[in-house]
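Visitor: Please show me the structure, and then I will ask about some of its helices.

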Amino acid sequence: MKKLITLCLLSIMLSCQKKEVASVYHFVKDVHSFSKPNDAVVKHLDLDIKVDFESQTISGKATWTIENTSKGNEIIFDENTLNITKVTLGDEEKETKFSLGTEVEFHGQPLHIQIEPNTTKVNIYYNTTKDAVALQWLKPEQTADKKKPFLFSQGETIWSRTWIPCQDSPGIRFTYNAKVSVPKDLMAVMSAVNPQQKNENGIYKFKQDKAIPSYLMAIAVGDIGFKSIDPRTGVYAEQSVLDKAAAEFSELGKMVYAAEKLFGPYRWGRYDVLVLPPSFPYGGMENPNLTFLTPGVIAGDKSLTSLLAHELGHSWSGNLVTNATWNDVWLNEGFTTYVEHRIGEEIFGIKEAKMQDVLSRKSLYDNMAEYGANNPDTQLKVNVDGKNADDCLSDIPYEKGYAFLQTVESIVGRESFDKFITDYFNGHAFQSITTEDFLSYFNEKLIKGDKALAAKIKAEEWIYKPDIPSNITKPVSEDFNAIDQIQKTWRQTGIKGLSAKIKSTNEKQHFIDYLPQDLSEKEMAAIDTEFNFTQGGNFVIKRQWFVIAIRQQYKPAYEAIEQFMIATSRTGSLQMLYKEMVKTPQGKVWAQRIFEKAKSGYHLTTVQDLRETLQ
């Protein structure tokens, strides 16, 4: 009997052990990180840093709480251009050995740290250098107020390792607390719960209790003010921009409620936005709790706030459910573009949504034409192994990903798809997943063994093959159809009076995008006189018009084009203009002259991309 009981107990113990082993999370291999999280992985960061504008450095200590799963003697971090001065273990700060491995272009170096099998805390003392790609240090004259300096970070894709030693992979998530010391006349904010006014000592404390990947670590320091929109939303900006920004984003709270109605509760507490100086390289960055935005989105008429809907959408797709590697970025950007369009439809109505759909599809087809139909870079699941991870951030994952999800919705019906996507967000909340994880869930929860449905959707063709599948939805806008009719006749009837018929930003963009290729200078001047595209208009209208002006060598716009290209650092928008310029020998000379004049105000990632274009 005792033997039988012993065998039963042993069996139960072995069963428990098997269950425990089976439940251990296994990270997928991310070639853009040197870390080995299946051996030892970070769980929480306590950051204690000082921001020094004189030396343009951040210095201090990153204390990582770790899980030494393998009980081994080493943990590996990513670092790039950092100066590591000392590493200690535990609260007792026992000094330990560390070394840097071979440097790899774009990726930096592995930071090897000796630990013990029972180590749970690693303290890394360091400072940043002038080569930190993630950090943009601005002089007062480069800001909106032109009175105080400004600092902001941009960690996506693999640049957080240039300002914090970390395991810099989207598949590795951690919580953090931070203590940040800044000059007393400035305020610090981060991708966390933020202060709403300056304090007297210049020391700010932050807490992010939701596990995030390293690329969502963010900091900004400047002469920043705050204005509330509703109990859980608000705007941060320099003083001269604050009131305009608050007015532009007055529907921010409504956007959050609209997103919740569609896709479930917002899980991050507050949702605020920070309007940055013009050198910010993107339209927006979805840092948790605090979206970073370009000032170019402030048009005065809320016509560009769809960008804000996109960054808000990341609170579900991207921040809540994240791509495990940069090859899977479409899970982040494609889903977010879908969410953006749905929020836009909810807030601005179906007519606006249809116009946005047509513009989105044009962007997709334009990108396909540029890449070439058989280019593997036009797959949703891309391969940027061995390359700069930023190469994954073309328009393809955004627009093709959106087109795929919109196509699925049209096939299964909106009600069914809404349930699927909401369950998907909830079922994978605060997780990082691969394309294969998504497909497995998709087949289990939506396809459910229905071969006819699978054949109709063609998911694997969308994801793993280049070009665009034949089942893509073809959006139609009656408002744009009316503009198409105008395009056919304005040369006979004249341009005068058309600005009364073509009013909104979307309508003007569509009109510009489909202007004839053989415009004369006289026609360009007539259009410009009627619409005031060169001097008036918002960021998007100017950008689209300037592409035509460069192509048609419309010299009256040249001075405005230069000013525009010097005043912004939005990489994608600048690429459109520089690419058009370099098509002619004289245009290339012009482009290089503007670049030399402007590059000191561009973000380092923008400089990298534009140098390739100019070559």
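The questions below deal with a pair of helices and then with a single helix.

Guide: This is a predicted model, in which local features need pLDDT of at least 70, side-chain atom pairs count only at pLDDT 80 or more, and totals for chains, interfaces and linings use all residues. Residues are numbered from 1 along each chain as its sequence is written, and side-chain values use heavy atoms, with hydrogens and water left out.

Visitor: Are helix 7 and helix 8 parallel or oblique to each other?

Guide: Helices here are DSSP runs of H or I, at least four residues, numbered from the N terminus. The axes, lines fitted to C-alpha atoms over the stretch in contact, give angles from 0 to 180 degrees between N-to-C directions. Those of helix 7 (residues 396-412) and helix 8 (residues 414-427) cross at roughly 125° and come within 6 Å. Angles under 35 degrees count as roughly parallel, over 145 as roughly antiparallel, 65 to 115 as roughly perpendicular and the rest as oblique, so the two helices are oblique.

Visitor: Which residues of helix 8 meet helix 7?

Guide: Contact means heavy atoms within 4.5 Å. From helix 7, L405, V408, E409 and V412 take part, and they meet R414, S416 and F417 of helix 8.

Visitor: How many of the 13 residues of helix 15 are buried?

Guide: Buried means under 20% relative accessible area, with exposed over 50% and partly exposed in between (1.4 Å probe, protein chains only). Among the residues that qualify in helix 15 are W545 and F546. Their cover includes helix 13 (505-513) and helix 18 (585-598). Helix 15 is mostly covered, and the number buried is 12.

Visitor: What phi does Q553 take?

Guide: Q553 lies just after helix 15. Its phi is positive, at about 55°.
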